[in-house]
Amino acid sequence: MGLLRQLTEKPWLPQDAVERLHAERAIAAPAAKIGLRFFLAVVTVLFFLLTVAYAERMRFEAWRPGPQPALLWLNTVLLILGSVGLQWARMAASRGQIDGVRRGLIAGGFFTVAFLAGQIAAWRQLGGIPFFDMASPAIAFFYLITAMHGLHILGGLVAWGRATARAWPATEVARDLYASVDLCAVYWHFLLLVWLVLFGLLFSGNGNIDLLLALCGFR
């Protein structure tokens with residue numbers, strides 16, 4: 001530690017200024033936030049590769065577009081409301097309003113669970129249609145991509161549960177509660193953005209095929 005301290009010394013600055021600078025950086029970029037950013041980068045690459053694989057498969061002549069469950073539109077609205085709920089909790093936390101944090105968390109969790117239930121219902125609808133064919137690449141991609149997205153939301157609900165458990169007995173918004181709510185809100189907004197891109201390009205109809213191929217560099 002002594003050698004490290006000597007190597008990182010900045011003699012041209014007052015020592016108290018150096019320590020203050022380090023403290024400000026620690027507050028601005030806590031380890032959890034940096035870890036979340038890294039994780040979101042990995043998840044972005046994962047869904048991007050899935051989208052490219054989907055577009056690559058579309059180029060074959062045997063490609064047959066899959067059915068588009070109308071329920072996905074309702075599910076999209078539910079996920080938007082879930083993200084709004086988490087943003088509500090985040091804003092309330094920044095103002096120190098513990099009641100607002102609780103209401104926002106409950107609303108975000110409720111609409112998120114409703115979204116997952118709606119996705120399962122869409123799966124069941126898809127499985128019950130007369131011309132259902134498990135060998136269809138479009139339907140296989142639908143199950144794979146929506147399952148991956150749903151699993152990431154389930155992981156987010158674990159963090160949401162921890163934040164909710166902290167919020168309920170609290171009488172004020174402590175720093176750890178604010179950090180938990182802030183990270184949850186960022187994660188929810190990210191998953192909403194991912195879903196909007198996937199839904200807009202892959203599952204909302206066949207009118208975006210040319211755009212999808214162009215974005216993936218196939219046209």
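**Exercise 1.** Is Asp182 buried or exposed?

*Solution.* The model is predicted, so local features need pLDDT of at least 70 and side-chain atom pairs count only at pLDDT 80 or more, while totals for chains, interfaces and linings use all residues. Residues are numbered from 1 along each chain as its sequence is written, and side-chain values use heavy atoms, with hydrogens and water left out. Buried means under 20% relative accessible area, exposed over 50%, and partly exposed in between (1.4 Å probe, protein chains only). Asp182 has a relative accessible area of 7% and is therefore buried.

**Exercise 2.** Find the salt-bridge partners of Asp182 and place each pair in the chain.

*Solution.*
- Step 1. A salt bridge requires a side-chain nitrogen of Lys or Arg within 4 Å of a carboxyl oxygen of Asp or Glu.
- Step 2. Asp182 meets Lys33 at 3.2 Å, N to O. Lys33 sits in helix α3 (residues 31-58) and Asp182 in helix α7 (residues 175-203), 149 residues apart, so distant parts of the chain are linked. Helices here are DSSP runs (H or I, at least four residues), numbered from the N terminus.
- Step 3. Asp182 also meets Arg90, at 2.8 Å, N to O. Arg90 belongs to helix α4 (residues 71-94), so this pair ties together parts that are 92 residues apart in sequence.
- Step 4. Lys33 is partly exposed at 24% relative accessibility, and Arg90 is partly exposed at 23%.
- Step 5. Lys33, Arg90 and Asp182 are thus linked in a network of salt bridges.

**Exercise 3.** The structure holds three salt bridges. Describe the one between Arg102 and Asp99.

*Solution.*
- Step 1. The closest N and O atoms of Arg102 and Asp99 are 3.5 Å apart.
- Step 2. Both residues lie in helix α5 (residues 98-128); because they are three residues apart, about one helical turn separates them.
- Step 3. Arg102 is buried, with a relative accessible area of 17%, whereas Asp99 is partly exposed at 42%.

**Exercise 4.** Which residues have the most contacts inside the largest nonpolar core, and which helix supplies the largest share of this core?

*Solution.*
- Step 1. A nonpolar core is a set of buried Ala, Val, Leu, Ile, Met, Phe, Trp, Tyr and Cys residues joined through side-chain atoms within 4.5 Å.
- Step 2. The largest such core has 52 residues, and Val101, Leu105, Ile145 and Phe203 have the most contacts inside it.
- Step 3. At least two residues of this core come from each of α3, α4, α5, α6 (137-167) and α7. The largest share, 16 residues, is supplied by α7.
- Step 4. Leaving aside neighbours within four places in sequence, Phe203 is in contact with residues including Leu72, Phe142, Ile145 and Trp195, contact meaning heavy atoms within 4.5 Å.
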